[in-house]
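Trainee: Could you take me through a close look at one part of this model, the place where the start of the chain meets a later helix? I'd like the contacts and the burial put together into one picture.

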Amino acid sequence: MLNRMTSYTPDIVKAAQTILYEIYRQGFGYKTLMVTLFKLLPAAYQGDLWVDPMEDIKKRAFMGVLDKLSQKYGRQTVTLAKGLAIDGWQMKREFLSKNWTTDIFNLPKVR
């Protein structure tokens, strides 16, 4: 289990996935539940001697952008794609539009 303080959402998702892989058992029914985080402190109180300061600055900047997007456009505006990943899962492509702007071979032909 992740045993350090963090407010970086990808780290929290990774920890949750690690725990899920440990407790999941094939053939059992599962329900969705809410996770409550305890002992939340302002970022000023966080500290980890083993975190690269430059990495921490990048993470804080990234989370700041996500927070601003969420405040402006709503809570579910941006999600982490990695958090949605399921091994072997592929999106349905029957309604996929042509990518004319990125693939020259998909340009419509004029006769």
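Mentor: Let's fix one cut-off before anything else: a residue counts as buried when its relative accessible area is under 20%, as exposed when it is over 50%, and as partly exposed in between. Tyr8 has a relative accessibility of 17%, so Tyr8 falls on the buried side of that cut-off. Keep in mind that this is a predicted model. The average pLDDT of the protein is 75, and 76% of the residues score at least 70.

A quick word on the layout, and then we zoom in. The protein has three helices and zero strands, and the order along the sequence reads α-α-α. Helix α1 covers residues 9–23, helix α2 covers residues 53–73, and helix α3 covers residues 81–84. Among these elements, α2 has the highest mean pLDDT, 85, while α3 has the lowest, 57. Buried residues make up 6% of the 111 residues.

Now back to Tyr8 and its ring. In general, you describe a pair of aromatic rings by how far apart the centres are and by the angle between the planes. The count here is one aromatic pair. Tyr8 and Phe62 form that pair, with 6.1 Å from centre to centre and 65° between the planes. Planes over 60 degrees apart count as edge-to-face, and the pair of Tyr8 and Phe62 is edge-to-face. Tyr8 sits in the segment before α1 and Phe62 sits in helix α2, so the pair ties together parts that are 54 residues apart in sequence. What about the cover on the partner ring? Phe62 has 35% relative accessibility, so Phe62 counts as partly exposed, whereas Tyr8 is buried at 17%.

Next comes the charged pair. As a general point, side chains of opposite charge can pair when their charged atoms come close. A search of the whole structure turns up one salt bridge. The side chains of Lys59 and Asp11 form a salt bridge, at 3.1 Å from N to O. Here again distant parts of the chain are linked: Asp11 belongs to helix α1 and Lys59 to helix α2, with their positions 48 residues apart in sequence. The Asp11 and Lys59 side chains also make a polar contact at 3.1 Å. And how buried are the two partners? Asp11 has a relative accessible area of 14%, so Asp11 is buried. Lys59 is buried as well, with a relative accessible area of 14%.

There's one more bit of evidence to add to this spot, and it comes from the backbone. The C-alpha atoms of Ser7 and Arg60 are 8.6 Å apart in space, although the two residues are 53 residues apart along the chain. Ser7 is in the segment before α1, and Arg60 is in helix α2. Both of them are partly exposed: Ser7 has 47% relative accessibility, and Arg60 has a relative accessible area of 40%.

Put the pieces together and you get your picture. The ring pair joins the segment before α1 to helix α2, the salt bridge joins helix α1 to helix α2, and the C-alpha atoms of Ser7 and Arg60 are separated by 8.6 Å. Of the residues we went through, Tyr8, Asp11 and Lys59 are buried, while Phe62, Ser7 and Arg60 are partly exposed.

If you follow helix α1 onward from here, you can also look at Leu20, which lies in that helix. Leu20 is partly exposed, with a relative accessible area of 46%. A nonpolar surface patch of about 620 Å² is made by Leu20 together with Ile19, Ile23, Tyr24, Phe28 and Tyr30.

Notes:
Residues are numbered from 1 along each chain as its sequence is written. This is a predicted model: local features need pLDDT of at least 70, side-chain atom pairs count only at pLDDT 80 or more; totals for chains, interfaces and linings use all residues. Side-chain values use heavy atoms; hydrogens and water are left out. Helices (H or I, at least four residues) and strands (E, at least two) are DSSP runs, numbered from the N terminus. Buried means under 20% relative accessible area, exposed over 50%, partly exposed in between (1.4 Å probe, protein chains only). A polar contact is a pair of N or O atoms within 3.5 Å; within protein, one must be able to donate a hydrogen and the other to accept it, and residues adjacent in sequence count only if both atoms are side-chain atoms. Rings of Phe, Tyr and Trp (its six-membered ring) pair if their centres lie within 6.5 Å; planes under 30 degrees apart count as stacked, over 60 as edge-to-face and the rest as tilted. A salt bridge is a side-chain nitrogen of Lys or Arg within 4 Å of a carboxyl oxygen of Asp or Glu. pLDDT is the predictor's confidence in each residue, from 0 to 100. Patches are made of residues with over 30% relative accessible area and no salt bridge: like charges are joined within 9 Å, nonpolar side chains (Val, Leu, Ile, Met, Phe, Trp, Tyr) within 5 Å. Accessible areas come from the Shrake-Rupley method with a 1.4 Å probe; for residues, only the protein chains shown count as cover.
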